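Student: I'd like to learn how to read strands, helices and surface patches in a model. Can we take it one feature at a time?

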Amino acid sequence: GLLEYPKPVELLKFFIKNITQENDLVMDFFAGSGTTADAVFQLNSDSLFRKFICIQIPEELNPKNENQKAAFNFCQSIGIPENIAEIAKERIRRAGRQISDGLQSGQNVDTGFKVFKLAESGFKQWRQPGQADTEALQRELSLNIDSVLSETSSENLLYELMLRMGLKLTCKVSFSDDVYFVEDEDTGGLYAFLLERVDQGLIDAVLAKHPVKVAALDRLFEGDDALKSNTVLQMKDAGVMFECV
């Protein structure tokens, strides 16, 4: 069972150190408690800047299992869900803090990480009406006037749009004045995502940063066709790709 045979961090460090080079990506499809991430953090003090991807299903911990009881109790003590994935996340956080606290002057080890979960799209999917009549089609069209599912957070929409545009999930993301800015790792180009609000002042401020592309939610224009048309023209004149979703 899970956690019965934990991977020794020193063994993983030995393997990883001997088979990786600068900027290599280490992938662990069975992350368990996050030992691989811990090992990569520890090794990166040599400035080879390895990265990791750790994958783990949120398997529930069993408090009656002797090998999982301590982990179950730990989750309860700090108020996180009692599953293996949450244990891994907490370990990676703590391993990162430990590395950061122990750095010597001039050392730099990136101990940041992002967590992603498989989920349904945040955008409504077109469903062909069961009845091929005008009334049924009008109902489906009305449901898709706003293409975004109401319960979807802006951050989730951002990462879904990034994937659609071919941007890596590891790209640097910043949030300023209700705008998400994403720097393309490969080209250095700046992408801007308007997911909170749209007005003329905000459009001008975004264009001043010279992005290569701007994406905005159509619903933010709130039927202001003049603002939407003007935005399209401004983007075209500035040589910026514009997408309304």
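Tutor: Sure. Let's start with a single bridge: in S5, Leu190 is the bridge partner of Glu183. Keep in mind that this is a predicted model.

Student: Which residue in S5 is the bridge partner of Val179?

Tutor: That's Leu194. Put such bridges together and you get the strand pair: S4 (residues 179-183) and S5 (residues 190-194) are joined by five bridges in the antiparallel sense.

Student: What do S4 and S5 form, and how many residues sit between them?

Tutor: They form a hairpin, with six residues between the two strands. Look at Gly188 in the turn: its phi is positive, about 80 degrees.

Student: And on to S6. How do S5 and S6 run, and how many bridges join them?

Tutor: S5 and S6 run parallel, joined by four bridges. Leu194 has Ala216 as its bridge partner in S6, and Ala192 stands opposite Val214 of that strand. So when you read a strand pair, check the direction as well as the partners; here S4 and S5 are antiparallel, whereas S5 and S6 are parallel.Student: In what order do the strands line up in the sheet?

Tutor: The order is S3-S4-S5-S6-S7, five strands in an open sheet with mixed pairing. At the edges you'll find S3 (172-176) and S7 (241-244), each of which pairs on one side only. From one strand to the next, the twist averages 20 degrees.

Student: Which helix packs on the sheet and touches S3, S4 and S5?

Tutor: Helix H6, residues 154-164. Its direction makes about 35 degrees with that of S4. Among the buried residues of H6 are Leu157, Leu158, Tyr159 and Leu161, and their cover includes S3, S4 and S5. Just after the helix comes Gly166, with a positive phi near 80 degrees.

Student: What about H7? Which strands does it lie across?

Tutor: Helix H7 (residues 200-207) lies across S4, S5 and S6 (213-216), and it runs at about 170 degrees to S5.

Student: How many of the residues in S5 are buried?

Tutor: Four of its five, which leaves S5 mostly covered. For S6, look at which way the side chains point: Lys213 and Ala215 go one way, Val214 and Ala216 the other, and all of them are buried.

Student: Where do the side chains of S1 point?

Tutor: They alternate along S1 (residues 25-28). Val26 and Asp28 point to one face and are buried, while Leu25 and Met27 point to the other face and are not. S1 also has a parallel partner, S2, joined to it by four bridges.

Student: Which residue of S1 stands opposite Ile53 in S2?

Tutor: Met27. Ile53 itself belongs to strand S2, residues 51-54.

Student: Which residues make the nonpolar surface patch?

Tutor: Leu25, Met27, Phe29, Phe30, Ile53 and Ile55, over about 610 Å². Both Met27 and Ile53 from that bridge pair are in the list.

Student: Why can Ile53 count towards a surface patch?

Tutor: Because its relative accessible area is 34%, which makes Ile53 partly exposed, and the cut-off for patch residues is over 30%.

Note on methods
Residues numbered from 1 in each chain as written. Predicted model: local features only at pLDDT ≥ 70, side-chain atom pairs only at ≥ 80, totals over all residues. Heavy atoms only, no water. Pairing = 2+ DSSP bridges. Axes fitted to C-alpha atoms, helices over the stretch in contact; angles between N-to-C directions. Contact = heavy atoms within 4.5 Å. Patch = residues over 30% accessible without salt bridge, like charges linked within 9 Å, V, L, I, M, F, W, Y side chains within 5 Å. Areas by Shrake-Rupley, 256 points an atom, 1.4 Å probe, with all protein chains shown as cover. Salt bridge = Lys/Arg side-chain N within 4 Å of Asp/Glu carboxyl O. Buried < 20%, exposed > 50% of the residue type's maximum accessible area, 1.4 Å probe, protein only.
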